[in-house]
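Dear colleague,

Please find below the structure that I am handing over to you. A written account of what was found in it follows directly after.

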Amino acid sequence: MRLLAGTILTCLTLAIANPCSAAPIKGWILKQNTDYRGSQTVYLVPGIGKIMSKDLGLIARSNAKVTIFNQQRKTYLELTHKEFMDKFGALVDPKKIRVTAGAKSKMCGQQAQQYLIELVSRRGRVYYKEELWATRSLPMSQQFIDECATIFEIPSTFGVPLKLVRDYRDGRHIVMIDTLECKPASFAKSDFELAKGFTAVKSEADVLVSADSGDLSELMDMRPPNSRSPTKSGGPTARP
């Protein structure tokens, strides 16, 4: 009896420590659109986030490595959180970002807060203005929020970004991210694991480049599409 009780207690402890050990896992599905990569889907459960954009995707787990994968080429690359931030993060001086809290409203059923953001250029002019809507009611880990925030060059303290639009001083209006649908869902552990047949690679180029869908680095590069200049692959890009 003591052995049985100990076994049950151990199983309960493991289930609490690792929410993916029990099925189904309750979470959320977000349907989004961007001017850079078109439509994408985000899957969220406590401690894990997954983004699928065409045939390319990303899985991020709390206190674990980030997996970038290509379903067409069946390749994947694992990076630590620091390696991911170093490779794809934007070099933005936080002193040049101005943030003003705006209205509160519901977006896709979630309570969201509006933030008005300005990035000031080196010469003191406003380089662009942004409207951000973010929520704290979805189960996204802070690590995943940090990774998303560094890609989109926004503060990571506001929660899950639901909508981000950017207006440049030359008149260009770019939808960085727009959440069209947010609904609860149930997942299996396998939904956040790679299927069999994927090959680990050491270079992001072996994952990011696809014959049909371009380059995932476009998603990681938030500069205006018509003003990009060649940069060293795999390195962060300096901003104003």
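Strands here are DSSP runs of at least two residues, numbered from the N terminus, and two strands count as paired if DSSP finds at least two bridges between them. Please bear in mind throughout that this is a predicted model.

**Overall composition**

The protein chain has four helices and 14 strands. Of its 240 residues, 43% are buried. The chain exposes about 12600 Å², and carbon and sulfur atoms supply 55% of that area. Among contacts with a separation of 6 or more, 56% are made by residues 24 or more positions apart.

**The sheet**

Twelve strands form an open sheet of mixed pairing, and their order is β7-β8-β9-β10-β11-β1-β2-β3-β4-β5-β6-β12. The edges are held by β7 (97-107) and β12 (199-200); each has a single partner strand, so one side of each is left without a neighbour in the sheet.

Within this sheet, strand β3 (residues 48-53) and strand β4 (residues 56-61) run antiparallel and are joined by six bridges. Ile 48 stands opposite Arg 61 of β4. Helix α3 (residues 142-152) packs on the sheet, where it touches β2 (38-45), β3, β4, β5, β9 (126-135), β10 (160-168) and β11 (173-187). The direction of α3 makes about 135° with that of β4.

**Strand β6 and its surroundings**

Strand β6 can be described from both of its neighbours. On one side, β5 and β6 run antiparallel and are joined by five bridges; Thr 67 has Glu 78 in β6 as its bridge partner. The hairpin of these two strands has four residues between them, and Lys 74 in that hairpin takes a positive phi near 60°. On the other side, β6 pairs with β12 in the parallel sense over two bridges, and the bridge partner of Thr 75 in β12 is Thr 199.

In a regular strand the side chains alternate between the two faces of the sheet. In β6, Thr 75, Leu 77 and Leu 79 make up the covered face, whereas Tyr 76 and Glu 78 make up the uncovered one. Helix α2 (residues 81-88) lies across β4, β5 (66-70) and β6 (75-79), and runs at about 105° to β6.

**Aromatic pairs and charges over rings**

A search of the whole structure finds seven aromatic pairs. One of them is formed by Tyr 43 and Phe 187, in an edge-to-face arrangement with 5.9 Å centre to centre and 85° between the planes. Tyr 43 lies in strand β2 and Phe 187 in strand β11, so this pair ties together parts that are 144 residues apart in sequence. How do the two residues stand with respect to burial, buried or partly exposed? Tyr 43 has 21% relative accessibility and therefore counts as partly exposed, the cut-off for buried being under 20%. Phe 187, at 5% relative accessibility, counts as buried.

A second pair to note is that of Tyr 115 and Phe 158, which is stacked, with 3.7 Å centre to centre and 10° between the planes. This pair also links distant parts of the chain: Tyr 115 is in strand β8 (residues 110-120) and Phe 158 is in the loop between α3 and β10, 43 residues apart. Both Tyr 115 and Phe 158 are buried.

Tyr 43 appears again in one aromatic cluster with Phe 187 and Phe 192. In addition, Lys 50 lies over the face of Tyr 43, at 5.6 Å from the ring centre. A similar entry concerns Arg 172, which lies over the face of Tyr 168 at 4.5 Å from the ring centre.

**Positive phi values in two loops**

Which residue in the loop between β7 and β8 has a positive phi? Cys 108 is found in that loop, and its phi is near 55°, a positive value in a residue other than glycine. At 26% relative accessibility, Cys 108 counts as partly exposed.

The loop between α3 and β10 holds Glu 153. Its phi is near 60°, again a positive value in a residue other than glycine. With 5% relative accessibility, Glu 153 counts as buried.

With kind regards

Notes. Residues are numbered from 1 along each chain as its sequence is written. This is a predicted model: local features need pLDDT of at least 70, side-chain atom pairs count only at pLDDT 80 or more; totals for chains, interfaces and linings use all residues. Side-chain values use heavy atoms; hydrogens and water are left out. Contact means heavy atoms within 4.5 Å. Axes are lines fitted to C-alpha atoms, for helices over the stretch in contact, and angles run from 0 to 180 degrees between N-to-C directions. Buried means under 20% relative accessible area, exposed over 50%, partly exposed in between (1.4 Å probe, protein chains only). Accessible areas come from the Shrake-Rupley method with a 1.4 Å probe; for residues, only the protein chains shown count as cover. Rings of Phe, Tyr and Trp (its six-membered ring) pair if their centres lie within 6.5 Å; planes under 30 degrees apart count as stacked, over 60 as edge-to-face and the rest as tilted. A charge sits over a ring if NZ of Lys or CZ of Arg is within 6 Å of the ring centre and within 35 degrees of the ring normal.
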